[in-house]
Amino acid sequence: MAPPQRSPLRSPEPISQAASRPTRRSLLAGVAALGALGAAGCSRVATASSTEGGDLLGRLRAAGVVRLGIAGEIPFGFIDTNGELTGEAPELAKVIFKRLGIDRVQPVPTEFGSLIPGLNSQQFDVVAAGMYVNPERCEQVIFSDPDYQMLDAFIVRKGNPKGLRSYKDVVEKKAKFATGTGYAEIQYAVDAGYKESEILIVPDQVAGLNAVEAGRVDVFAGTALTTREVVKKSSKAESTEPFAPLVDGKPHVDGGAFAFRPTETKLRDAFNVELHKLKKSGELFRILKPFGFTKAEMTDLTAKELCGG
């Protein structure tokens with residue numbers, strides 16, 4: 001799920017300290033990531049513009065199609081059982097780009113860690129994967145303002161027998177802890193005092209639910225949205241109330257947004273104009289609601305705030 005940014009009040013970026021935390025969605029940048037993307041056989045988009053502010057918006061209007069980098073993660077951006085592109089970010093992209101005069105969106109699936117390298121190497125035009133905005137990523141791409149905000153939550157056995165409601169509880173009660181590959185929750189647990197070597201890393205929230213149900217772990221940490229959705233049909237597990245993890249001792253809230261190449265400020269700015277119209281009219285919530293988002297996940301956070309000012 002994606003990395004935290006250090007400010008008051010979800011998951012991946014590289015795990016180290018401060019600027020290099022995991023956000024839902026790990027930033028495994030580099031040759032390996034690009035190699036994986038190339039192996040997928042994606043053709044390159046037009047080369048980056050040298051025009052001030054970029055001319056990608058005009059070129060996309062002329063072509064009538066925008067290529068979206070997605071990471072195959074439910075509910076953020078994925079291909080459904082009918083082979084159709086969907087998810088909160090692609091569905092929002094369809095609406096906004098149509099308003100910008102671009103009628104068609106085309107998915108380019110890749111691993112989450114390949115999204116930023118793929119964007120900057122012209123493999124697609126925009127990242128539409130619900131990516132968390134944080135200072136490290138802001139050094140590599142530019143973001144729209146967030147279309148959602150997110151807290152954490154746990155998957156635990158029914159009745160929450162160990163009373164686990166925070167990372168501090170997990171540490172103090174010596175609970176067996178799991179989270180997903182590249183999730184920001186790895187660093188949140190480490191910051192609370194949990195040994196990273198003792199964390200069980202699983203692929204996603206479904207594997208996390210299975211681990212809790214089977215008794216292999218006491219708790220799985222993920223986003224409030226993904227945990228509450230995955231436990232709906234479980235007779236053995238439940239999701240805890242959402243909570244804000246602590247970053248530098250302060251409650252922390254993450255925000256997910258669209259990413260653009262640093263040169264394409266005109267496209268990002270035009271996208272933001274339409275995004276704010278959707279927020280004001282309430283249509284943004286109507287687009288995101290089918291994917292499990294609630295009004296609590298709607299936000300006025302800005303990319304500037306999450307990038308660190």
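**Close-up 1. Tyr183 and Phe220, a buried aromatic pair.** Tyr183 has a relative accessibility of 5% or less, at 3%, and so counts as buried. 
Phe220 is buried too, with a relative accessible area of 0%. In this predicted model, the two rings form an edge-to-face pair, 6.2 Å from centre to centre and with 70° between the planes. Tyr183 sits in the loop between β9 and α7, while Phe220 belongs to strand β11 (residues 219–223). The pair links distant parts of the chain, 37 residues apart.

**Close-up 2. Tyr167 and Phe177, one of the 14 aromatic pairs in the structure.** Here the rings of Tyr167 and Phe177 meet edge-to-face, with 6.1 Å centre to centre and 70° between the planes. Tyr167 is in helix α6 and Phe177 in strand β9, so the pair ties together parts that are ten residues apart in sequence. Tyr167 counts as buried because its relative accessibility is 5%, under the 20% limit. Phe177 is likewise buried, at 1% relative accessibility. Both residues belong to one aromatic cluster, which is formed by Phe154, Tyr167, Phe177, Tyr188, Tyr194 and Phe243.

**Close-up 3. The second largest pocket and its lining.** This view shows a pocket with about 180 Å³ of space. Its lining is made up of Arg165, Ser166, Tyr167, Lys168, Tyr188, Asp191, Ala192, Phe243, Ala244, Pro245 and Leu246. The elements that contribute two or more residues to this lining are α6 and α7 (184–191). Sorted by class, the lining holds seven nonpolar, one polar and three charged residues. Look out for Tyr167, Tyr188 and Phe243: they are among the lining residues and also take part in the aromatic cluster.

**Close-up 4. Thr86 and its neighbours.** Thr86 is found in strand β3 (residues 85–86). With 12% relative accessibility, Thr86 counts as buried. Its side chain makes a polar contact of 3.0 Å with the side chain of Glu91. Leaving aside residues up to four places away in sequence, Thr86 touches Gly77, Phe78, Asp80, Glu91 and Phe291.

**Close-up 5. A cis peptide bond at Pro75.** The bond to find here runs from Ile74 to Pro75, and it is cis, with omega near 5°. Pro75 is placed in the loop between β1 (65–70) and β2 (78–79).

**Close-up 6. Gln122, a residue with positive phi.** Phi of Gln122 is near 70°, a positive value in a residue other than glycine. The loop that holds Gln122 runs between α4 (115–120) and β5 (126–132). Is Gln122 buried or exposed? Gln122 counts as buried, because its relative accessibility is 11%, below the cut-off of 20%.

**Close-up 7. Lys174, an exposed loop residue.** Lys174 lies in the loop between α6 (167–172) and β9 (177–180). Phi of Lys174 is near 50°, again a positive value in a residue other than glycine. Lys174 has a relative accessible area of 71% and is therefore exposed, since exposed means over 50%.

Technical notes: Residues numbered from 1 in each chain as written. Predicted model: local features only at pLDDT ≥ 70, side-chain atom pairs only at ≥ 80, totals over all residues. Heavy atoms only, no water. Helix = DSSP H or I, 4+ residues; strand = E, 2+ residues; numbered from the N terminus. Buried < 20%, exposed > 50% of the residue type's maximum accessible area, 1.4 Å probe, protein only. Polar contact = N/O pair within 3.5 Å; in protein donor to acceptor, adjacent residues only side chain to side chain. Contact = heavy atoms within 4.5 Å. 1 Å grid on protein atoms, 1.4 Å probe; cavity = no way out; pocket = protein on both sides within 12 Å on 5 of 7 lines; lining within 4 Å. Points joined across faces, edges and corners; volume = space filled by probe spheres on them. Nonpolar A, V, L, I, M, F, W, Y, C, P; charged D, E, K, R; others polar. Phe/Tyr/Trp six-rings, centres within 6.5 Å; stacked < 30°, edge-to-face > 60°.
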